[in-house]
Structures are given as structure tokens and as C-alpha cells.
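Please look through the sequence and the structure shown here before reading on. The report that follows describes selected features in plain terms.

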Amino acid sequence: MAVKTINPLAEKVAALETIDARLRWLSSWTVHNANHIREKRDGLKVGGHQASCASMTAIMAALYFHALRPQDKVAVKPHAGPVLQAIHYMLGQQSLEQLQRFRALGGAQSYPSRTKDKIPVDFSTGSVGLGVAITAFSSLVQDYMIAHGHMAEDDAGRMIALMGDAELDEGNIYECLIEGFKHDIRNCWWIVDYNRQSLDSTTADRMFRRFDDIFETCGWRVITLKSGKLQREVFAKPGGQTISDWIDACPNAEFAALTYQGGAAWRARLEADIGDHPHVGKLLKSFDDDGLAHLMTNLGGHCIETLMTAFDNAQDDRPTLFIAYTVKGYGLPLAGHKDNHSGMMNPAQIEQLRASMNIPEGHEWDVFGGLDDHQAAQLKAFIAQSALADKPAEPNAQAIAVPARFAVPAGETQSTQAAFGNILLDLAKSEGSFADHIVTTAPDVTQTTNLGAFVNQRGLFHRAEMADVFRAAKIPSAQKWAAHAAGQHIELGIAETNFFLALTALGLSAPHFGTRLLPVGTVYDPFIARGLDALNYGCYSDARFLLVGTPSGLTLGPEGGAHQSINPPLIGMGQPNLAYFEPAYADEVALIMRWAFDFMQQPDGSSVYLRLSTRQIPQIERPDSAWEADALNGAYWLRRPAPGAEAALVYTGAIAPEALDAWTQLVDDIPGLGLLSVTSPDVLHRDWSAARAARWAGGQGSSHIERLLGELAPGAGLVTVIDGSPGALSWLGGVHGMRVSPLGVDRFGQTGDLPDLYRTYRLDADAIIDAAAELFIGN
Ligand SMILES: Cc1ncc(C[n+]2csc(CCOP(=O)(O)OP(=O)(O)O)c2C)c(N)n1
Ligand SMILES: [Mg+2]
């Protein structure tokens with residue numbers, strides 16, 4: 001009886017090669033269907049990236065069905081989204097309908113999305129570079145979770161980024177490398193789909209080996225997968241080394257062009273260049289044209305066995321960069337063409353691909369299309385056994401109970417920034433689980449944003465203990481900077497994108513690691529703009545954190561014009577998944593902070609942004625706590641208007657004393673004048689929009705701002721004032737069609753003290769009175 005030899009490795013390689021081919025087909029077909037088959041109603045190109053997908057299918061087959069463990073998390077290169085969809089389709093975790101609705105409303109998303117996709121997505125991607133760097137920060141957060149006893153070392157996963165080579169041009173990659181090195185990150189893999197093509201062009205040849213140097217300098221191991229197994233075998237033959245050397249010297253653009261042209265072009269070129277070298281001619285002749293094209297493109301990133309071995313050999317926790325050489329559009333007629341980034345197969349080309357893959361017409365969506373029954377059954381069994389098939393759903397972390405009230409810091413005059421620092425200090429001194437879950441971070445502005453007291457109490461986080469040298473030498477300093485594994489502050493260098501990515505990773509601790517952290521990050525308000533895309537990324541990922549922008553506005557006057565954060569109120573209003581508040585008084589800070597820690601944890605909550613100031617202002621007496629509920633809804637009457645009053649002053653934030661002063665001076669001339677404190681232009685506006693949308697949908701009810709301003713006469717006038725863009729409040733006139741005179745800052749400033757700057761920008765009481773006179777009194 002013949003004994004069938006079983007070679008488990010060969011069987012596995014064969015299964016993974018089949019998956020590679022299936023992924024290439026399914027991703028291509030998904031894009032094709034969306035662009036060429038699904039009905040179009042708007043004449044717009046739908047888009048999708050068949051070549052970018054084909055570039056990575058082998059890498060993803062080997063990673064997902066060989067190397068990945070259930071605890072590992074992956075950020076997938078944005079334009080390989082359809083491959084990730086296809087993987088879950090093969091696993092039975094994605095529906096046909098979702099694939100057919102790729103890039104349509106409610107369907108599979110263009111780029112992997114934690115919040116919008118139906119498949120499990122560990123990290124959203126889309127804005128290149130950010131989805132890569134987030135994995136480094138998640139590794140850091142994982143270490144924080146382990147050090148704080150929230151998870152076991154043995155359960156540590158690997159944080160993996162599958163990235164395009166052009167992502168290496170994004171500066172945030174290098175900022176993150178530096179920060180990662182300082183924090184000694186581990187359990188992080190970045191796998192570069194090194195197809196040497198970006199959107200516009202082929203990558204600069206001069207960068208060859210530069211990345212190795214950069215990453216190795218920062219403590220990474222670099223593993224380059226240049227050749228596949230076939231190439232290695234052929235290069236070992238007589239004449240082979242000459243071909244290998246020729247490839248090494250071949251410019252990226254020429255390699256891509258020859259790849260596109262195919263076997264005959266390869267032959268002509270190789271014969272011309274090295275055909276007369278010993279043994280080369282004979283070696284070339286041993287391949288037909290197709291075989292030669294296959295040989296020349298048998299790069300490491302397309303060779304399952306090479307990939308498996310590389311992953312198997314990197315099983316320690318050292319951060320590792322895999323540079324996997326690939327061909328953009330591998331296996332497709334688009335392979336290597338310089339326009340293939342958005343290029344798409346036409347119907348004839350996809351038809352040809354279908355036929356070449358033995359997929360019967362009408363069976364394009366079959367999971368195992370092109371396979372016979374036996375092959376299909378085998379592959380199905382293989383997939384069912386993969387670690388991925390058992391990957392548990394993301395955990396539901398327990399909510400952290402928030403104390404019923406935060407004590408209001410004492411002091412007749414206070415700034416909101418100082419109040420914030422004192423409240424955090426109180427929390428740091430408190431016992432119990434709530435404060436233990438707070439983690440703070442700042443990009444080198446810990447002291448100047450008033451986080452210092454919290455850090456003194458709770459310590460810096462570092463896996464390895466680091467002594468406070470100044471303290472040991474008995475040099476007096478207000479800051480105690482000892483670092484240890486139980487520390488609760490992650491100190492970052494000045495790189496605001498890192499800061500927002502760190503907040504994002506911390507803010508995803510609940511779904512990623514099963515324990516909720518309460519991250520608090522501080523940054524100078526003007527520099528929010530520096531990290532804005534990363535902030536947007538964090539919000540899109542639905543990470544939950546408290547962002548504090550401080551100092552802000554003209555309280556940064558002495559720092560000069562470019563520091564006088566003018567537009568962050570508009571950022572706060574315009575940014576989804578971020579509730580912006582700008583309190584004026586310490587009791588508002590206490591109220592809103594408490595609310596924020598709760599809101600951050602609600603399923604339909606969001607992150608919160610507090611815009612704070614270093615301006616010390618006299619605090620006010622409150623007759624009762626009736627203002628609180630209104631303040632949390634975005635505005636309350638500090639001085640209630642008489643029913644049907646003709647006018648109100650409206651202010652936001654630290655400019656409160658000027659508004660109050662103006663109100664006091666005006667109230668005799670304008671009877672019943674109201675004074676509205678807007679604690680959140682953002683919450684007010686969203687609530688107003690939601691109420692209008694609800695009414696259009698047949699609902700009833702009004703918004704908070706409609707009710708508040710409804711207390712005034714229909715044709716009343718408003719003077720609004722904010723230390724920031726006046727547009728943040730000018731919309732209030734539209735709520736009931738009232739006249740409005742918006743004051744604020746709308747041009748770059750200059751250095752100065754507050755009285756000078758308030759006068760110069762027309763924010764002082766005189767300006768408010770002038771605006772009111774013009775509006776209400778008509779002179
Ligand atoms: C921040 C940002 N800028 C620009 C783009 C538009 N864009 C999408 S992909 C891409 C080039 C990608 O090239 P590469 O990373 O090498 O990927 P691949 O070759 O695998 O498609 C660009 C410029 C983007 N998505 N994000
Ligand atoms: Mg590329």
C-alpha cells in the first residue's frame with residue numbers, strides 16, 4: 001500500500017498560498033463591484049485600491065493565518081481595507097451584503113474603522129502614519145496595564161502595524177520612534193509593504209538601507225525580506241548571483257516598469273545588461289517568459305514561506321521592523337505601473353483574472369471560488385483552526401465610579417487652570433479606585449499646565465525605576481520626578497502628535513485591554529492645532545480622554561501673537577466626539593470635570609476638551625446650585641433677564657469679569673438686561689442642531705439655547721464676547737433671529753498685558769458697552 005507522505009509545513013504553505021490568492025481575488029472583486037457593477041447615482045468615482053491590496057495579500061495571509069495570536073492587535077494599511085474585509089468574509093465573520101456595499105452607506109468602510117465597520121477592527125487607519133504610530137503607543141499602554149496589575153504579563157499581545165512604504169515619509173513616524181525608544185517599548189511589529197511606490201511615484205532609491213539605520217538607532221531590530229524562496233534558490237545557481245546583484249542595482253522605477261511590461265521585457269533587459277556574464281545566459285534560457293517574470297517578482301513579501309520564517313524568528317518582545325519587498329499590484333495586470341495607486345482593472349481585465357483563477361462566472365463572491373470540493377473542505381478546516389477564528393470580542397470594561405462631587409478649590413480669586421490643578425491634586429491625595437484609574441500625560445508642559453502637583457503625588461510611569469537625581473542631591477525643587485512602574489503620569493517630549501496618539505491609546509484601554517483608564521492630557525491651547533489630525537484620529541477611533549488646552553487666549557499675551565490661541569473654540573465646536581467646555585469660575589471647573597469623567601465612560605459619551613486660562617478672576621457667590629444643570633447643558637443665566645427683555649450680554653470663559661462689569665454699568669439703562677454664561681458653545685450648538693433635526697423628523701421639543709433665549713423679546717439683541725474667534729458665539733443670533741454683535745479675537749495678536757490686549761481687541765467692558773449701545777440704544 002502506498003504511504004502518502006504528509007509534510008505539515010508544505011501543507012500549511014499551500015493553504016496560505018491559496019488564501020493569498022483568494023484575498024487578492026476577493027479584494028479586487030469587492031472594489032470592482034463597487035465601481036463597475038453596483039448602480040451609480042451621482043457620477044462620482046467610488047474608488048478603492050486593487051493594487052495596494054494585491055501588494056499585501058501574502059503578508060496578510062501569513063500574518064493572520066499563521067503568526068497572529070488572539071491577543072495580538074493589528075492596524076491595517078488604510079488602502080488594504082478590502083483585504084481585511086475579505087479575511088473576515090473567509091472566516092465567516094463578514095456578510096456578502098457588507099462587501100457588496102463597500103464604500104456605500106452603512107457598508108464595509110473604505111479604510112478599516114473601529115466605529116463604523118461591522119467586522120472587528122483593532123485600530124482605525126486612514127490618515128497615513130497615524131495608524132502605524134498608534135501601535136507603538138498601544139504597546140506602551142499595554143506595559144502600563146501590566147505594571148499596574150490590570151493584566152498579566154503572559155497575556156501581553158503584539159501591537160502590529162501593516163504599513164505602506166510611503167508612510168515612512170510621515171514625520172510622525174520618527175517622532176514616535178524617538179518617544180518609543182525613550183519609553184523602551186516592546187511587543188511592537190511594523191511590517192512595511194515595501195513596494196517602493198507611493199500615490200504619485202516610485203520611492204527614492206537613495207532611501208535604500210537608510211530606514212535600517214534609523215530604526216536600528218532607535219533600538220529596533222530590522223528584518224529585510226528581499227527575496228522569496230525561488231529567487232534564493234535560483235540565485236544560488238551558477239550565474240544567479242549576477243542576477244541578484246543586478247536587481248540590487250536596479251533603480252526602483254525601472255524595476256517597476258519592467259514588472260509591468262512582463263517576461264519578454266525582463267529577458268531583453270537582462271540579456272542586454274548581463275547576458276554575457278558567465279552562466280547567466282543559460283540560466284535565463286531555463287525560464288520561459290512567464291517563468292522569468294515570476295522569478296523576478298518573487299520578492300520576500302510575496303513568499304509565504306519567507307514570511308512565515310521571518311515571523312517565527314521574531315518571537316521575543318523586541319520591537320521589530322520587517323521590510324517586506326513587494327510589487328504593487330502583484331498578480332494583477334496593474335502590477336508595477338506607476339499610475340496603479342488609484343488604477344483599476346477594467347471589466348475585460350478582471351474577467352481575464354477570473355478565468356485565470358478558475359472562478360466560474362456567477363461564483364465571484366464564493367468564499368472558496370475556484371477550488372474543487374476537496375480543496376475547499378481542506379481550506380475551510382484550516383481556517384476554522386486558525387487562532388483568529390477564536391479571537392474573543394473586545395471586552396466590556398467596568399465603569400469606574402466617579403465621586404458625586406468634586407470639592408471646589410478655595411480662593412477668592414482663581415484661574416481655571418489653577419483650579420484644575422488643585423482638583424487633580426485633591427484626587428491624587430484621595431484613596432480609592434477612582435484616582436487610581438487616572439493617568440496623566442503632557443508633551444513637556446507638565447509644570448506649566450498645572451499637572452505638577454498630581455505628578456508629585458502619583459509619580460512618573462516608567463517600567464524601570466528611575467531616581468530623582470535632584471532630590472537625591474537635596475537640590476530644592478517643586479517637582480518630584482522619580483519614575484517607577486506604579487507611576488500615573490506618562491511624560492512625553494514636545495511632540496503634540498505623539499501626545500494625541502498617546503491619549504488615543506490610553507483612551508482605548510477599555511476595549512483593548514479590558515480596564516478603563518481615565519486619561520487626562522494637557523497641552524498649550526494653541527498647540528492643539530499642531531496635533532490636530534491625531535486628535536481627529538483619536539476622536540474618530542472613539543477613544544475617551546479629557547483634553548485640557550491651557551493656557552489659552554490672550555492670557556498667553558506675553559508669549560506673543562502666534563501663541564494667542566484664537567481658533568481652538570472653533571476646533572472644539574467642529575470636532576465630532578469631543579465635547580468642548582470653557583469654564584470661567586473654579587466651581588464650574590469642578591462641576592464640569594466631574595461630569596467629564598462620567599461622560600467619558602458613557603456608551604454614547606465622548607472625549608471632553610476643557611479650554612482653560614491662567615487669568616485669575618474674582619470668584620462669585622452662588623445663591624444655590626440651580627445653575628449647575630444648565631451649565632452642563634452649555635449655558636446658564638448668570639443674571640436672569642426680565643421676561644421679554646430686549647437684550648442680553650453673552651460671554652464664554654475668562655472674560656467673565658468684563659462681561660459682568662459691562663452688565664453692571666448697563667443694567668440701569670437697559671432694564672431687565674440678561675447676562676448669559678456660555679460654558680460650552682459646542683454642546684449648545686449640537687443640542688440646537690439635534691433638536692432641529694428631531695423636529696424635521698416629526699419630533700417635538702426644543703433645545704436648551706432655544707429655551708434660554710426664548711425668555712427674551714423676539715427681536716432682542718445680543719452682544720457676545722469670547723477670548724477667541726467670535727464665530728464661536730455669533731451663531732446665537734440665528735437661534736431666534738436676534739440681532740447680534742459678536743466680539744472676539746480674529747487677527748494675530750502681539751505681546752502685551754491683559755488690559756492693553758483686551759482694549760486692543762475690543763474685549764473690555766468699554767467695548768461691550770459700545771457694542772450694546774450700537775445694538776440696543778441706536779447711538
Ligand atoms: C495623511 C495622508 N496624506 C495623504 C493621503 C493620501 N494617500 C493615500 S495612500 C497614499 C500613498 C500611499 O503609498 P504607500 O504608503 O506606499 O502605500 P501603497 O503603495 O501600499 O499603496 C497617499 C498619499 C492619506 N491617506 N493620508
Ligand atoms: Mg507603496
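The text below covers the ligand site, the charged pairs, some backbone details and two distances.

This is a predicted model, in which local features need pLDDT of at least 70 and side-chain atom pairs count only at pLDDT 80 or more, while totals for chains, interfaces and linings use all residues. Residues are numbered from 1 along each chain as its sequence is written, chains are lettered from A and ligands numbered from 1 in the order in which they are written, and side-chain values use heavy atoms, with hydrogens and water left out.

## The ligand site

There are 18 residues around ligand 1, and Ser52, Lys77, Asp165, Gln197 and Lys328 come nearest. A residue is near a molecule if one of its heavy atoms lies within 4 Å of it. By class, this shell has 3 nonpolar, 9 polar and 6 charged residues. Here Ala, Val, Leu, Ile, Met, Phe, Trp, Tyr, Cys and Pro count as nonpolar, Asp, Glu, Lys and Arg as charged, and the others, Gly among them, as polar.

Three polar contacts of ligand 1 can be described; a polar contact is a pair of N or O atoms within 3.5 Å, and within protein one must be able to donate a hydrogen and the other to accept it, with residues adjacent in sequence counting only if both atoms are side-chain atoms. A side-chain N or O atom of lysine 77 is 2.7 Å from an oxygen atom of ligand 1. Valine 128 uses a backbone N or O atom, 3.1 Å from a nitrogen atom of the ligand. Glutamine 197 also has a backbone N or O atom at the site, 2.8 Å from an oxygen atom of ligand 1. Taken alone, ligand 1 exposes 590 Å², and the protein buries 76% of that. Such accessible areas come from the Shrake-Rupley method with a 1.4 Å probe; for residues, only the protein chains shown count as cover.

## Charged side chains

Side chains of opposite charge can pair when their charged atoms come close. A salt bridge is a side-chain nitrogen of Lys or Arg within 4 Å of a carboxyl oxygen of Asp or Glu. By this rule the model has 33 salt bridges. Three of them are listed here.

| Salt bridge | N to O distance |
|---|---|
| lysine 338 and aspartate 339 | 3.4 Å |
| aspartate 525 and arginine 611 | 2.8 Å |
| glutamate 658 and arginine 615 | 2.8 Å |

Cover is described by relative accessible area: buried means under 20%, exposed over 50%, and partly exposed in between (1.4 Å probe, protein chains only). Lysine 338 counts as exposed because its relative accessibility is 53%, and aspartate 339 is partly exposed at 47%.

Aspartate 525 and arginine 611 are both buried. Helices (H or I, at least four residues) and strands (E, at least two) are DSSP runs, numbered from the N terminus. Glutamate 658 is buried, and so is arginine 615. Glutamate 658 lies in helix H28 (residues 656–666) and arginine 615 in the loop between E14 and strand E15 (617–618), so this pair ties together parts that are 43 residues apart in sequence.

Salt bridges also link Asp143, Glu153, Asp184, Arg186, Asp317 and Arg463 in a network.

What is the nearest side chain of opposite charge to glutamate 364? It is arginine 354, 4.1 Å away, and glutamate 364 is buried yet has no salt bridge. For charge, Lys and Arg count as positive and Asp and Glu as negative; His and the chain ends are not counted. Glutamate 364 sits in the loop between helix H16 (347–356) and helix H17 (373–384). Its side chain reaches the backbone nitrogen of glycine 362 at 3.1 Å.

## Backbone details

The peptide bond from threonine 550 to proline 551 is cis, with omega near -5 degrees. Proline 551 belongs to the loop between strand E12 (546–549) and helix H25 (568–574).

Arginine 196 is not a glycine, yet has a positive phi of about 60 degrees. Arginine 196 is in the loop between strand E3 (188–194) and helix H8 (210–217), and is buried, with a relative accessible area of 8%.

## Two distances

Alanine 393, in the loop between H17 and strand E6 (413–414), is exposed at 69% relative accessibility. The C-alpha atoms of alanine 393 and proline 511 are separated by 9.2 Å, with their positions 118 residues apart along the chain. Aspartate 661, in helix H28, is 69 Å from alanine 253, C-alpha to C-alpha, and the two are 408 residues apart in sequence.
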